[in-house]
Amino acid sequence: FLSLASSAYALPNCPSDQNQRYDNCFGTYIWGSGPNKGDKYVGEWKDDKMYGQGTYTWDSGDKYVGEYKDNKRDSQGAFTSADGSKYVGEFKNGKYQGQGMMMWPSGEKYVGEFKDGLRYAQGTLTWPDGRKLVGEFISDQPWTGILYDSNRNVFSKYRDGVEIKQQ
């Protein structure tokens, strides 16, 4: 006989006084001064730091929904910029790191690896007109790969960061 127990675990609410310590609780913090003035975080706290699941909304309109560790975006999350660009994927120490997808308002889309917030290693960059660059990126720039036109014909190749047009 197998018995499964189910329990819902919820963190207690953080203190309503933002000057008190936020520890192992769920709450809202709105910055009233300094460089983060107007920013808002709703989520989990540990040792007075954003830690666990949360949503951070900047006064500028940018927004991050995902995991935090020691006040930094960490693990899985989604960042949407006020300009309409959006990143969904892995974070490490507050930066895009690992597998992710970046979409721009222009319709461009990159799916692949990131390192220190930049496109890095294997990835595919697609344009709205159907062009597609498949290859390796270093420091956000194409390094090796093939650029296909909208008809899937090879348009150019990249070798050591240099584009070589095809005849």
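This report describes the nonpolar core, the largest pocket, the salt bridges and some individual residues of one protein chain. The structure is a predicted model.

**The nonpolar core**

The largest nonpolar core holds 23 residues. Among its members, Y41, W45, M50, Y96 and L133 touch the most other members. Two or more residues of this core come from each of the strands β2 (40-46), β3 (49-57), β4 (63-69), β6 (86-92), β7 (95-103), β8 (109-115) and β10 (132-138).

The surroundings of L133 can be described in more detail. Apart from neighbours within four places in sequence, L133 is in contact with G123, T124, L125 and W127. The contacts of L133 also include P142, G145, I146, L147 and Y158.

Strand β3 also contains G52. With a relative accessible area of 15%, G52 is buried, because residues under 20% are classed in this way. When neighbours within four places in sequence are left aside, G52 is in contact with Y41, E44, G66, E67 and Y68. One of these contacts, Y41, is also among the core residues that touch the most other members. A further distance concerns S75, which is 23 residues from G52 along the chain. The C-alpha atoms of G52 and S75 are separated by 9.7 Å.

**The largest pocket**

The volume of the largest pocket is about 160 Å³. Its lining is formed by Q18, N19, Q20, Y22, Y29, W31, W45, D48, M50 and N71. By character, five of the lining residues are nonpolar, four are polar and one is charged. Two residues of the lining, W45 and M50, were named above for their place in the nonpolar core.

**Salt bridges**

The structure holds four salt bridges. Three of them are set out below.

| Salt bridge | Closest N to O distance |
|---|---|
| D47 and R21 | 3.3 Å |
| R131 and D129 | 2.9 Å |
| E163 and K165 | 3.8 Å |

The salt bridge between D47 and R21 links distant parts of the chain, its two residues lying 26 residues apart. D47 belongs to the loop between β2 and β3, whereas R21 belongs to the segment before β1 (25-30). Both partners are partly exposed: D47 has a relative accessible area of 40%, and R21 has one of 48%.

In the pair formed by R131 and D129, R131 is partly exposed at 30% relative accessible area. Its partner D129 is likewise partly exposed, with a value of 45%. In the pair formed by E163 and K165, E163 counts as partly exposed at 32% relative accessibility.

**Residues with positive phi**

Two aspartates deserve separate mention for their backbone angles. D116, although not a glycine, has a positive phi of about 55°. This residue is placed in the loop between β8 and β9 (118-126). D116 has a relative accessibility of 47% and therefore counts as partly exposed.

D140 is likewise not a glycine and has a positive phi of about 75°. The place of D140 is in the loop between β10 and β11 (141-148). At 24% relative accessibility, D140 also counts as partly exposed.

Methods
Residues numbered from 1 in each chain as written. Predicted model: local features only at pLDDT ≥ 70, side-chain atom pairs only at ≥ 80, totals over all residues. Heavy atoms only, no water. Core = buried A, V, L, I, M, F, W, Y, C linked by side-chain atoms within 4.5 Å. Buried < 20%, exposed > 50% of the residue type's maximum accessible area, 1.4 Å probe, protein only. Helix = DSSP H or I, 4+ residues; strand = E, 2+ residues; numbered from the N terminus. Contact = heavy atoms within 4.5 Å. 1 Å grid on protein atoms, 1.4 Å probe; cavity = no way out; pocket = protein on both sides within 12 Å on 5 of 7 lines; lining within 4 Å. Points joined across faces, edges and corners; volume = space filled by probe spheres on them. Nonpolar A, V, L, I, M, F, W, Y, C, P; charged D, E, K, R; others polar. Salt bridge = Lys/Arg side-chain N within 4 Å of Asp/Glu carboxyl O.
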